[in-house]
Amino acid sequence: VALKKTIQDCLEDLVPLAEAKAIDLGVVGDADPVVAGRPVDIAILVKNLVDNAIRYTPAGGRIDIRVTDGGGSVVLDIDDTGPGIPEEERERVFDPFYRVLGNGEIGSGLGLAITSSIAHQVGASITLLDKPDGTQGLRARVRFPASGA
């Protein structure tokens, strides 16, 4: 699956949501790797992560999507300027129906559980991290095995 094309297709659906909140949503870099998996599964994974970033980023915020290819893996990073997730809850948010209290967002608590399941099926790992620049927000990182690995 061409990851860059998948991201572009997902953004077509999600840009109106970002625009409604005046969120600066964009793709950083030119990497265009291929990852293993069914196209529909990779699209759901990407769409769920970007949708979550849009939901939890306040109006006027920023979301950067970056793909890097090298070192035996393909890495998809989605950085947002939302409130983040407390470190002690970052593993729990992948549990079905679990939701961080007090966030005010509507949902079933299944999006990240589905995303985690897809990542596992394609041999990828997904982690939630502090942003490396120390600013407020969250980095959702998916590490795919390099094509053919």
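So, let me start with a question: among contacts in the protein chain between residues at least 6 apart in sequence, what share join residues at least 24 apart? Here that share is 65%. Keep in mind that what you see above is a predicted model.

Okay, the layout. We've got three helices and five strands in the protein chain. Walk along from the N terminus and you read α-β-α-β-β-α-β-β. The chain has 149 residues, and 41% of them are buried. As for the outside, the accessible surface is about 7700 Å², with carbon and sulfur atoms accounting for 53% of that.

Now the inside. The largest nonpolar core holds 37 residues, and the members touching the most other members are Leu3, Leu76 and Phe144. Who contributes to this core? Two or more residues each come from α1 (3–20), α2 (39–56), β2 (62–70), β3 (73–80), α3 (111–121), β4 (125–129) and β5 (138–145). The largest share is from α2, which puts in seven residues.

Let's stay on Leu76 for a second, since you can find it in the structure and look around. Leaving out residues up to four places away in sequence, Leu76 touches a whole list of others. On that list are Leu3 and Ile7, then Leu45 and Val46, then Ile65, Arg66 and Val67, and finally Ala140, Arg141, Val142 and Phe144. Notice that Leu3 and Phe144 turn up there, and those are the two residues named alongside Leu76 for touching the most core members.

Next, the strand pairing. β3 and β5 run antiparallel, joined by eight bridges. If you want a spot to check in the viewer, take Val74: its bridge partner in β5 is Phe144. And β5 has another pairing, with β4, again antiparallel, over five bridges. There, Thr127 sits opposite Arg141 of β5. Arg141, by the way, is one of the residues touched by Leu76.

Last stop, α3. Which residues of α3 are buried? They are Leu112, Ala113, Thr115, Ile118 and Ala119. The cover over those buried residues includes α2 and β4. So much for the helix itself; just past the end, α3 is followed by Gly123, with a positive phi near 80°.

To wrap up, if you rotate the model yourselves, I'd begin at Leu76 and its contacts, Phe144 among them, then follow β5 across to β3 and to β4, and finish at α3, where α2 and β4 are part of the cover. That's all from me, thanks.

Key:
Residues are numbered from 1 along each chain as its sequence is written. This is a predicted model: local features need pLDDT of at least 70, side-chain atom pairs count only at pLDDT 80 or more; totals for chains, interfaces and linings use all residues. Side-chain values use heavy atoms; hydrogens and water are left out. A nonpolar core is a set of buried Ala, Val, Leu, Ile, Met, Phe, Trp, Tyr and Cys residues joined through side-chain atoms within 4.5 Å. Buried means under 20% relative accessible area, exposed over 50%, partly exposed in between (1.4 Å probe, protein chains only). Helices (H or I, at least four residues) and strands (E, at least two) are DSSP runs, numbered from the N terminus. Contact means heavy atoms within 4.5 Å. Accessible areas come from the Shrake-Rupley method with a 1.4 Å probe; for residues, only the protein chains shown count as cover. Two strands pair if DSSP finds at least two bridges between them.
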